[in-house]
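Me: Hey, I'm new to this one. Can you walk me through it?

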Amino acid sequence: MDGIYTSGGAKLGFSDSGAGLPVVFLHPTPLDRDYWRPLCGELAGVRAIAPDLRGHGISELGTGLPVGGFARVPDAPVLTMAQLATDVLRLLDHLKLAGAVFAGCSIGGYVLLELWRQAPHRMRGLAFVCSKPQPDAEANLAKRVATIAQARAGQTSVLFDGMAQSLVGAAARERHPEIVAEVRARMTLSVEALTAVQAGLAVRPDSLPTVTTISAPVLAIAGGADSSVSPEEMKAFLAAPGGCDFHLLPDAGHFAAYEQPEKVASLMAAWLRTLARE
């Protein structure tokens with residue numbers, strides 16, 4: 001089932017399919033919820049709830065985003081992790097769910113960390129795929145400034161072409177050459193949305209202190225060929241007091257769950273079974 005709900009005046013899209021343990025899947029940028037489709041097709045016994053994050057897919061960016069929070073691009077609207085987390089909580093309310101298990105890739109994982117700060121009582125478990133708790137380093141901040149400038153110069157298509165190549169691991173590109181075109185087709189952000197997302201990523205907080213408060217079970221799946229998030233960075237989740245099940249997929253890139261849906265689904269299914277026994 002596909003649906004629409006409203007958060008902060010913006011109309012946001014989501015899919016809700018299957019039956020069983022509710023699991024909310026938060027996709028990476030600049031993709032949309034279709035990122036999780038191959039994995040969900042391999043994952044039985046769950047109610048898979050996958051929203052399009054604000055500004056992605058069919059979800060509106062909305063109006064009234066704060067401006068000025070990213071000092072290096074002071075006129076940029078900022079789509080904060082706090083806003084995205086609030087949107088997800090509104091979705092839970094819309095679906096009348098007191099809580100769920102959550103899975104997030106990249107920005108989706110950053111939203112999970114914010115959700116833990118806002119509403120830990122609604123989280124039965126947190127699965128991070130190619131995501132990290134550290135804030136942007138200097139090189140990342142400079143890259144975000146350049147990305148915003150390039151988008152505003154009318155080169156969004158060039159940016160997305162490059163992301164489709166660099167964020168998919170070389171092994172996946174070799175085994176499934178069509179994968180680059182598939183993910184590129186899901187990159188549809190407007191210039192304003194791309195700018196707001198990049199600014200929001202730049203100003204996200206340091207979540208290393210948050211990790212040390214996560215009492216719910218954690219699953220962390222890292223890609224050995226991930227150009228954005230290193231396995232070493234993801235090992236920070238091992239500090240979670242609720243326990244962390246860490247796995248490395250040596251030849252997976254940043255879009256690991258799309259590149260290797262069967263493998264990631266298998267790891268997630270095993271972890272979910274441990275949650276069901278608790």
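**Serine 17 and the sheet**

Me: Which residues does serine 17 touch, leaving out those up to four places away in sequence?
Reply: Serine 17 touches Val46, Arg47 and Ala48, where contact means heavy atoms within 4.5 Å. This is a predicted model, where local features need pLDDT of at least 70, side-chain atom pairs count only at pLDDT 80 or more, and totals for chains, interfaces and linings use all residues. Residues are numbered from 1 along each chain as its sequence is written, and side-chain values use heavy atoms, with hydrogens and water left out.

Me: Is serine 17 buried, partly exposed or exposed?
Reply: Serine 17 is partly exposed, at 38% relative accessible area. Buried is under 20%, exposed over 50%, partly exposed in between (1.4 Å probe, protein chains only).

Me: Which strand is serine 17 in?
Reply: Strand E2. Strands (E, at least two residues) are DSSP runs, like helices (H or I, at least four), numbered from the N terminus.

Me: What order do the strands of the sheet come in?
Reply: The open sheet has eight, in the order E1-E2-E4-E3-E5-E6-E7-E8, with mixed pairing. Two strands pair if DSSP finds at least two bridges between them.

Me: Why is one side of E1 and of E8 left without a neighbour?
Reply: Strands E1 (2-7) and E8 (244-249) stand at the edges with a single partner strand each, so one side of each has no neighbour in the sheet.

Me: In what sense do E3 and E5 pair?
Reply: E3 (residues 21-26) and E5 (residues 100-105) pair in the parallel sense, over four bridges. Valine 24 stands opposite phenylalanine 102 in E5.
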